[in-house]
Amino acid sequence: MTSLDEIVALCKRRGFIYPGSDIYGGITGFWDYGPMGVELKRNLKNEWWRTMVQSRRDVVGLDAAIIMNPDVWTASGHTKAFADPLVECKICNQRFRSDKPQELRAHEETHANKGEKVSWTEPKQFNLLTEVLLGVTEPKLTAYLRGEITQGVFVNFANVVASSRVKLPFGIAQIGKAFRNEITPGNFTFRSREFEQMELEFFVKPSDAEADKWFDYWMEERKKWYVSLGIKAENLKFRKHEDNERAHYARKAFDIEYNSPFGWSEFEGIHHRGDWDLSRHKLTYKDPQTNEEFTPWVIETSGGVDRATLFFLLEAYRKEEKRIVLGLHPKLAPMKVAVFPLVANKPELVDKAKTIYEELTKYFMVAWDERGNIGKRYLAQDEIGTPWCVTVDYATLEDDSVTVRDRDTTKQERVKVTELSGYFQKLLGIL
Ligand SMILES: [Zn+2]
């Protein structure tokens, strides 16, 4: 299995992910995406949006503000219940979540190795909402960076129903940043204080049969989506939440977990939120046919964009005898094609390669490299997961064809320059 250290090193070396504020020593729980990482993450979000919104008649999109009226969080129960139990080591005062026994045992062991025995303080509830102060005059308004993007959907429920043609069952989808004042961020980007979510709130009639049907449907759909983009089915599993670990709003919850180097870990949650949120915000729905008024139930699919990005990287990474390859699905790969002139000091080759580069950039992201020998350029593209490399050589000037080299097989074939953009668009499923 790929180690987390290998991925962290690749991410920094090749411009996927850097520690946040790196030159000032970083800041715990925050990460910056570099030139490759921003493309990978954007591709992932675009694929999600295409599947969850664009290709469905029963889902619409939304983009709500990060800072909301603080009353939202009181109504939703987050100011009270959105908390983790915190304990402190009485020897070194480090803080840990008491619901993470593995981390407690690990810390106890580090002291035990020095002949010390840890005792812990009583668990204290620690609220995860990040406070912000708004306005210039005192007293300033205390608001919060949203702890989940979901509430933006619920508070706009009536607006969406009134302004679009949605009818039950229907969903509202959103992608956006959320913030949690995590006590123990860790495992690279897996648990961060700033992160991005991709969520669907799917509203159904308040009946167990309807809720169960849609819950099962969305569990399967979401798993299929990860598999369709390259996660092996054997590296995914569903885990049902125990009664004592369910969030305050959830009637039933399953995680889709990934077989990561730090153990099976949550990719995405499927939650039956019942009428918790809409009733807290005093919102109802009127059936246009029967005029019956009721509070719909909600089935939620809640995925982490940063977690998914990390897991797709882990899944794609492979070490071969002479190279490291990121076998990313072409739809996720930051660069779809790289274009090289065989040598940099032959203007005819460079000009021809530039024309091809410019043509292809009309359709997708294309890398350009003219440094060093071709073999090294191939290896560099393999490490960022570029599925195809195009080389313009002397034969190109005679027969107007180029060499296309495949990342996974390393096989090469000649393709006519006039057919090149159609060739790649077909491979990418655009045409
Ligand atoms: Zn300690």
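# Reading a predicted model by its definitions

Modeller: Asparagine 187 is found in the loop between strand 9 and strand 10, which spans residues 194-204. Please keep in mind from the start that this is a predicted model.

Biologist: Why does asparagine 187 count as partly exposed?

Modeller: The relative accessibility of asparagine 187 is 35%, and partly exposed is the term for values between the 20% limit for buried and the 50% limit for exposed. Asparagine 187 therefore belongs to the partly exposed class, because 35% falls between those two limits.

Biologist: Why is phenylalanine 188 called buried?

Modeller: Phenylalanine 188 has a relative accessible area of 7%, and buried means under 20%. The value of 7% is under that limit, so phenylalanine 188 is called buried. The place of phenylalanine 188 is also in the loop between strand 9 and strand 10.

Biologist: What makes the phi of asparagine 187 worth a remark?

Modeller: Asparagine 187 has a positive phi of about 55°, although it is not a glycine. Phenylalanine 188, which is likewise a residue other than glycine, has a positive phi near 60°. As a general rule, most residues other than glycine have a negative phi.

Biologist: Which residues does a cis peptide bond join?

Modeller: One such bond joins glutamate 138 and proline 139, with omega at about -10°, and proline 139 has its place in the loop between strand 7 (130-134) and strand 8 (141-145). A cis peptide bond also joins leucine 168 and proline 169, again with omega at about -10°, and proline 169 is found in the loop between helix 7 (157-163) and strand 9 (170-179). In general, most peptide bonds are trans.

Biologist: How do you know that strand 11 and strand 12 are paired, and in what sense do they run?

Modeller: Two strands pair if at least two bridges are found between them. Strand 11 is joined to strand 12 by 5 bridges, so the condition is met, and the two strands run antiparallel. Within this pairing, phenylalanine 238 stands opposite isoleucine 256 in strand 12.

Biologist: What lies on from there, between strand 12 and strand 13?

Modeller: Strand 12 and strand 13 (residues 263-274) pair in the antiparallel sense over 9 bridges, and they form a hairpin with 2 residues between them. Glutamate 257 has glutamate 266 in strand 13 as its bridge partner.

Biologist: What makes strand 12 a mostly covered strand?

Modeller: Of the 9 residues of strand 12 (residues 252-260), 7 are buried, and each of those 7 is counted because its relative accessible area is under 20%. Strand 22 (residues 401-406) is mostly covered as well, with 5 of its 6 residues buried.

Biologist: Which strands pair with strand 22?

Modeller: Strand 21 (residues 388-392) and strand 22 pair in the antiparallel sense over 4 bridges, and threonine 391 stands opposite threonine 403 in strand 22. Strand 22 and strand 23 (residues 412-416) pair, also in the antiparallel sense, over 5 bridges, and valine 404 stands opposite glutamate 413 in strand 23. Both pairings meet the requirement of at least two bridges, so both are called pairs. The hairpin of strand 22 and strand 23 has 5 residues between the strands, and threonine 410 takes a positive phi near 60° there.

Biologist: What makes up the largest nonpolar core, and which residues have the most contacts inside it?

Modeller: The largest nonpolar core has 59 residues, and those with the most contacts inside it are Phe16, Tyr226 and Phe267. Its largest share, 8 residues, comes from helix 10 (residues 305-316).

Biologist: How do you know where this core lies with respect to domain 1 and domain 2?

Modeller: Domain 1 (4-63 + 146-315) and domain 2 (337-427) both give residues to this core, so it lies between them. A second, separate core of 18 residues includes Val390, Val392, Val404 and Val417.

Biologist: What is the volume of the second largest pocket, and which residues are the closest to its centre?

Modeller: The second largest pocket has a volume of about 350 Å³. It is lined by 16 residues, of which Asn43, Glu47, Lys331, Lys336 and Ile430 are the closest to its centre. By class, its lining has 7 nonpolar, 3 polar and 6 charged residues, and each of domain 1 and domain 2 supplies at least three residues to that lining.

Notes. Residues numbered from 1 in each chain as written. Predicted model: local features only at pLDDT ≥ 70, side-chain atom pairs only at ≥ 80, totals over all residues. Heavy atoms only, no water. 1 Å grid on protein atoms, 1.4 Å probe; cavity = no way out; pocket = protein on both sides within 12 Å on 5 of 7 lines; lining within 4 Å. Points joined across faces, edges and corners; volume = space filled by probe spheres on them. Nonpolar A, V, L, I, M, F, W, Y, C, P; charged D, E, K, R; others polar. Domains from an automatic or database assignment. Core = buried A, V, L, I, M, F, W, Y, C linked by side-chain atoms within 4.5 Å. Buried < 20%, exposed > 50% of the residue type's maximum accessible area, 1.4 Å probe, protein only.
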